[in-house]
Amino acid sequence: MELYEGFEGIEHPFQNSVITIGNFDGVHKGHQALLASAVTKAAQIGGRSVAVTFEPHPKRVLCNGDHPPLITIHEQKAELIEACGVDALVTVPFTKEFSTIDARRFVTDLLIGKLGMKAIIVGNDYYFGRKREGDIALMKRFGEEMDFDVITPEWVNLGEKRISSTRIREIISRGEVHRAPELLGRFYQVRGKVVSGRDRGGKLLGFPTANINLNDELCPATGVYAVTVSCSLGRFQGVANIGYSPTFDDHIFTVEVHILDFSGDIYGETIRVNMIQKLRDEQKFSGIDELSQQIETDIDNARSIFKDLAEV
């Protein structure tokens with residue numbers, strides 16, 4: 001997939017491009033359907049499939065930074081879009097100046113003039129241009145005038161409710177990570193750099209942990225989770241603790257992962273942690289012995305979960 005930062009680096013319009021536009025936060029199943037439709041349509045007309053997204057999120061520019069935590073940081077979002085088979089990703093630096101572009105100019109100068117658009121695939125609730133002045137009805141009028149197709153696929157639902165980034169944030173924030181694959185098509189993942197911790201996991205408890213400085217904004221609820229870990233040494237199973245270590249009264253938020261059957265050195269490395277299922281809430285124990293016994297139980301419970309999930 002070709003990557004473009006803004007429109008300036010695009011010297012010539014793409015040939016018969018099929019464009020889909022959105023923030024794509026989470027790249028959930030609904031987003032995936034739009035991206036897949038763009039790939040299919042591009043193949044039909046011998047063109048290029050192009051995803052257009054924004055960085056930072058427009059609400060962070062227009063609403064004084066008032067926006068819920070992102071489900072996916074931009075790095076992961078780009079990877080997930082690429083996995084959908086899209087030919088090119090254009091990341092538009094969103095500024096207040098950019099937000100003043102009117103709807104007609106956005107289509108004529110950028111989508112057609114820069115990207116060579118012959119079709120656009122977006123949801124029925126798509127708005128564009130200054131102060132969201134453009135809607136699907138206007139886009140269709142532009143399509144008739146400027147000779148491009150406007151395609152609005154059906155919503156992707158789970159049960160009676162539409163799959164949305166808001167629903168995903170809600171279940172992750174509640175710790176219901178086992179439900180994420182229904183909406184995302186994958187387990188929810190956090191990433192972060194392994195940093196030095198308080199050196200208690202191995203020495204005091206007998207369970208060494210990787211302490212993670214999270215890159216992500218959306219963190220699951222406090223508690224203990226069965227996870228998988230991907231690092232330079234491979235993919236492993238593990239148990240993660242998210243919270244404040246109440247047994248030690250630290251009151252410091254940490255994300256720690258005990259990687260099962262692992263003895264490598266990954267300090268300083270950025271690792272990826274897939275959240276499989278919550279095992280229990282975080283709780284305060286009477287001391288180190290009781291905590292160690294509970295960790296053993298957590299590991300046994302996690303191994304039972306892994307046996308039932310072939311993909312982990």
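**Helix α6 and its surroundings**

Helix α6 is followed by Gly175, a residue with a positive phi, near 85 degrees. That detail, like everything below, comes from a predicted model. The helix itself covers residues 165–173, and its buried residues are Ser165, Arg167, Ile168, Arg169, Ile171 and Ile172. As a general point, residues three or four places apart on an α-helix point the same way, because each turn takes 3.6 residues. The buried residues of α6 pack against quite a list of elements: the helices α1 (29–45) and α7 (180–184), plus the strands β7 (157–158), β8 (161–162) and β9 (188–195).

One of those buried residues, Arg169, leads on to His67, since Arg169 is among the residues that His67 touches. His67 sits in the loop between α2 (58–62) and α3 (74–83). Is His67 buried or exposed? With a relative accessible area of 13%, His67 is buried, because the cut-off for buried is under 20%. Leaving out residues up to four places away in sequence, His67 also touches His57, Lys59 and Arg60. With His57 there is a polar contact as well: the two side chains are joined at 3.1 Å.

Then there are the aromatic rings. Searching the whole structure turns up ten aromatic pairs. Take Phe54 and Phe94: their ring centres are 5.8 Å apart and their planes sit at 90 degrees, so this pair is edge-to-face. Phe54 belongs to strand β3 (residues 49–55), while Phe94 is in the loop between β4 (88–93) and α4 (103–112), so the pair ties together parts that are 40 residues apart in sequence. Both partners are tucked away: Phe54 is buried at a relative accessible area of 11%, and Phe94 is buried at 10%. Phe128 and Phe142 make another edge-to-face pair, with 6.4 Å from centre to centre and 65 degrees between the planes. Here Phe128 comes from the loop between β5 (117–121) and α5 (136–146) and Phe142 from helix α5, so the parts tied together are 14 residues apart in sequence. Phe128 and Phe142 are buried too. How do these rings fit into a wider picture? Phe54, Phe94, Phe128 and Phe142 are members of one aromatic cluster, which also takes in Phe98, Phe106 and Tyr126.

Further along the chain, Tyr244 lies in the loop between β12 (234–243) and β13 (254–259). At 40% relative accessibility, Tyr244 counts as partly exposed. Which residues does Tyr244 contact, leaving aside its neighbours within four places in sequence? They are Thr222, Asp250, His251, Ile252, Phe253 and Glu282. Gln283 makes a useful reference point here: Tyr244 and Gln283 are 39 residues apart in sequence, with 9.5 Å between their C-alpha atoms.

Stepping back to the whole chain, there are eight helices and 14 strands. The C-alpha trace spans about 75 × 40 × 40 Å along its principal axes. Of the 312 residues, 48% count as buried. Among contacts with a separation of 6 or more, 73% come from residues 24 or more positions apart. On the outside, the chain exposes about 15,200 Å², and carbon and sulfur atoms supply 47% of that area. As for charge, the chain carries 35 positive and 44 negative charges, and the mean positions of the two sets are 4 Å apart.

Note on methods:
Residues numbered from 1 in each chain as written. Predicted model: local features only at pLDDT ≥ 70, side-chain atom pairs only at ≥ 80, totals over all residues. Heavy atoms only, no water. Helix = DSSP H or I, 4+ residues; strand = E, 2+ residues; numbered from the N terminus. Buried < 20%, exposed > 50% of the residue type's maximum accessible area, 1.4 Å probe, protein only. Polar contact = N/O pair within 3.5 Å; in protein donor to acceptor, adjacent residues only side chain to side chain. Contact = heavy atoms within 4.5 Å. Areas by Shrake-Rupley, 256 points an atom, 1.4 Å probe, with all protein chains shown as cover. Lys, Arg positive; Asp, Glu negative; His and termini not counted. Charge placed at Lys NZ, Arg CZ, Asp CG, Glu CD. Phe/Tyr/Trp six-rings, centres within 6.5 Å; stacked < 30°, edge-to-face > 60°.
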